[in-house]
Amino acid sequence: MMAMFRSFVSASAQQLRQQQPSSGAASSAAAPPAAESVESQFSCPICLEVYHKPVSIHSCAHTFCGECLQPCLQVTSPLCPLCRVPFDPKKVDRSSSIEKQLTSHKAPCRGCSKKVALVKMRSHIASCSKVQEQMANCPKFVPVVPTSQPIPSNIPNRSTFACPFCGSRNLDQQELVKHCMDNHRNDANKVVCPVCSAMPWGDLSYKSSNFLQHLLHRHKFSYDTFVDYSIDEEAALQAALALSLAEN
């Protein structure tokens, strides 16, 4: 949603610039770089927002938000999300040089136009009433090609989950793992896995004896990303049962 909003704002800004009369070649040559380009230079290629706790991959020097790169670090042979070059997860370092530049550079808020240090841009945008108003007026998604197929309304939510320990909501799989590791590492209660229970074969009565280990071993990828919904659900159930038996 935020990426779509940014594209919409950039297109609108470009249209306004095209409508403004030119003030001469000399003044345009002396004009400083557009402030929005400063923000784009320090934006994560994954979330498209200003870097938050940036880290850099040693082998290719590409930089990402620390949290954005986390899913790549949990696979056996990670690839850089930008150039797809294999890298050693142990050679990913905090980018102190980028952090210093985020502190020293400023850019205008895309809503109220107030100049804000890039390091504070995320928190400012989250509280800026102009940005919230623009997002509310952002064009809704429409299919590129018209279709007569009805839009399903009963698709289960397999994107965000609630913590089975404390009930915290709207956590994706990676956030759920981090939340439980940070807040419930020593909780020995048996709980129902919210990820498994949302699946076609989900058993709402089955409680994991070690939920944290279950999360780390069974949910390293997104079900919706890798599973073909055209397969027979009975076959999916059999595969899940086989995995469960292997796990136990």
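**Reading a predicted model, residue by residue**

Me: Where in the secondary structure does His-184 sit?

Reply: In this predicted model, His-184 is placed in the loop that joins helix H8 (173–183) to helix H9 (194–197).

Me: Is His-184 buried or exposed, and which residues does His-184 contact beyond its neighbours within four places in sequence?

Reply: A residue counts as buried when its relative accessible area is under 20%. His-184 has a relative accessible area of 11%, so it is buried. Once the neighbours within four places in sequence are set aside, His-184 is in contact with Cys-163, Phe-165, Cys-166, His-179 and Leu-212.

Me: What is the wider setting, that is, how many helices and strands does the protein have, and what share of its residues is buried?

Reply: The secondary structure consists of twelve helices and five strands, and 29% of the 248 residues count as buried. Among contacts with a separation of 6 or more, 44% are between residues 24 or more positions apart. The protein exposes about 16,500 Å², of which carbon and sulfur atoms supply 55%.

Me: How should I read a helix such as H5, and which of its residues are buried?

Reply: The general idea is that an α-helix has 3.6 residues a turn, so residues three or four places apart point the same way. In helix H5, which spans residues 96–104, the buried residues are Ile-98, Glu-99 and Leu-102. These residues lie on the same side of H5, because the arc they cover around the axis is only 100°.

Me: What do the buried residues of H5 pack against, and which exposed residues does the face turned away from them carry?

Reply: The buried residues pack against strand E1 (54–57), strand E2 (63–65), strand E3 (92–94) and E5, whereas the face turned away from the buried side carries the exposed residues Lys-100, Thr-103 and Ser-104.

Me: Turning to the backbone, what is the phi of Ser-113, and where does Ser-113 lie?

Reply: Ser-113 has a positive phi of about 70°, although it is not a glycine. Ser-113 belongs to the loop between strand E4 (106–108) and strand E5 (115–117). With a relative accessible area of 51%, Ser-113 is exposed, because the cut-off for that class is over 50%.

Me: What is the phi of Asn-170, and is Asn-170 buried or exposed?

Reply: Asn-170, which is a residue other than glycine, has a positive phi near 60°. Asn-170 is found in the loop between helix H7 (129–136) and H8, and at 60% relative accessibility Asn-170 counts as exposed.

Key:
Residues numbered from 1 in each chain as written. Predicted model: local features only at pLDDT ≥ 70, side-chain atom pairs only at ≥ 80, totals over all residues. Heavy atoms only, no water. Helix = DSSP H or I, 4+ residues; strand = E, 2+ residues; numbered from the N terminus. Buried < 20%, exposed > 50% of the residue type's maximum accessible area, 1.4 Å probe, protein only. Contact = heavy atoms within 4.5 Å. Areas by Shrake-Rupley, 256 points an atom, 1.4 Å probe, with all protein chains shown as cover. Arc of directions from axis to C-beta.
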